[in-house]
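Hello,

Here is the structure I said I would pass on. Please look through it first, and then read the notes underneath.

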Amino acid sequence: MQLQVKLNDKMTVSLEVANQKELWRQLSGLEEILGHTTCKACKSNNTKFRTRTAGEGKRTFEFFEMVCGDCSARLSFGCHQEGDTLFPKKKAED
């Protein structure tokens, strides 16, 4: 089945899934990383995706983060060891 899902005011995604379990897996993964559109520091909705690359050759690292355009606060994301999925690196107070 194919679905259009509105994640928030800024984003709508198209998903193609075989069943409800796959739909649930995809939605939970998307919500975990894309559900952070309001800055926790200043409550602004002016957040942007940013990817940075450091190093070169075999020692190249990618950094994924959400950045507030108003106060410059950042929410960093880590990468799971298996697969190409991300997770928010939240501090204890978040």
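**What surrounds Glu-65**

Leaving aside residues up to four places away in sequence, Glu-65 touches Lys-48, Phe-49, Arg-50, Arg-52, Arg-74, Leu-75, Ser-76 and Phe-77. Please keep in mind that this is a predicted model. Glu-65 is found in strand 4. Is Glu-65 buried or exposed? Its relative accessibility is 3%, and buried means under 20%, so Glu-65 counts as buried. Two of the residues that Glu-65 touches, Arg-50 and Arg-52, also make polar contacts with it. The side chains of Glu-65 and Arg-50 are joined by a polar contact of 2.6 Å, and the side chain of Glu-65 makes another with the side chain of Arg-52, at 3.2 Å.

**The sheet**

Strand 4 belongs to an open sheet of 4 strands, in the order 3-4-5-6, with antiparallel pairing. The edge strands are strand 3 (47-54) and strand 6 (86-88), each of which pairs on one side only. On average, neighbouring strands of this sheet are turned by 30 degrees against each other, direction ignored. As a general point, strands of a sheet pair through backbone hydrogen bonds, either parallel or antiparallel. Strand 4 (residues 61-68) and strand 5 (residues 74-79) pair in the antiparallel sense over 4 bridges. To find a bridge partner yourself, start at Met-66: its partner in strand 5 is Leu-75.

**Helix 1**

Helix 1 (residues 20-34) lies across strand 3, strand 5 and strand 6, and runs at about 50 degrees to strand 6. At the start of the helix, a side-chain oxygen of Asn-19 reaches to within 3.1 Å of the backbone nitrogen of Lys-21. The 15 residues of helix 1 reach 20 Å from the first C-alpha to the last, close to the 21 Å expected at 1.5 Å a residue.

Which residues of helix 1 are buried? They are Leu-23, Leu-30, Ile-33 and Leu-34. Seen down the axis of helix 1, these buried residues fall within an arc of 115 degrees, so they line one face of the helix. In general, an α-helix has 3.6 residues a turn, so residues three or four places apart point the same way. The cover over the buried residues of helix 1 includes strand 1 (2-6), strand 2 (12-16), strand 3, strand 5 and strand 6. On the face turned away from the buried side, helix 1 carries the exposed residues Gln-20, Lys-21, Trp-24, Arg-25 and Glu-31.

Regards

Technical notes. Residues are numbered from 1 along each chain as its sequence is written. This is a predicted model: local features need pLDDT of at least 70, side-chain atom pairs count only at pLDDT 80 or more; totals for chains, interfaces and linings use all residues. Side-chain values use heavy atoms; hydrogens and water are left out. Two strands pair if DSSP finds at least two bridges between them. Helices (H or I, at least four residues) and strands (E, at least two) are DSSP runs, numbered from the N terminus. Axes are lines fitted to C-alpha atoms, for helices over the stretch in contact, and angles run from 0 to 180 degrees between N-to-C directions. Contact means heavy atoms within 4.5 Å. The expected span of a helix is 1.5 Å times one less than its number of residues. Buried means under 20% relative accessible area, exposed over 50%, partly exposed in between (1.4 Å probe, protein chains only). The arc is that of the directions from the helix axis to the C-beta atoms. A polar contact is a pair of N or O atoms within 3.5 Å; within protein, one must be able to donate a hydrogen and the other to accept it, and residues adjacent in sequence count only if both atoms are side-chain atoms.
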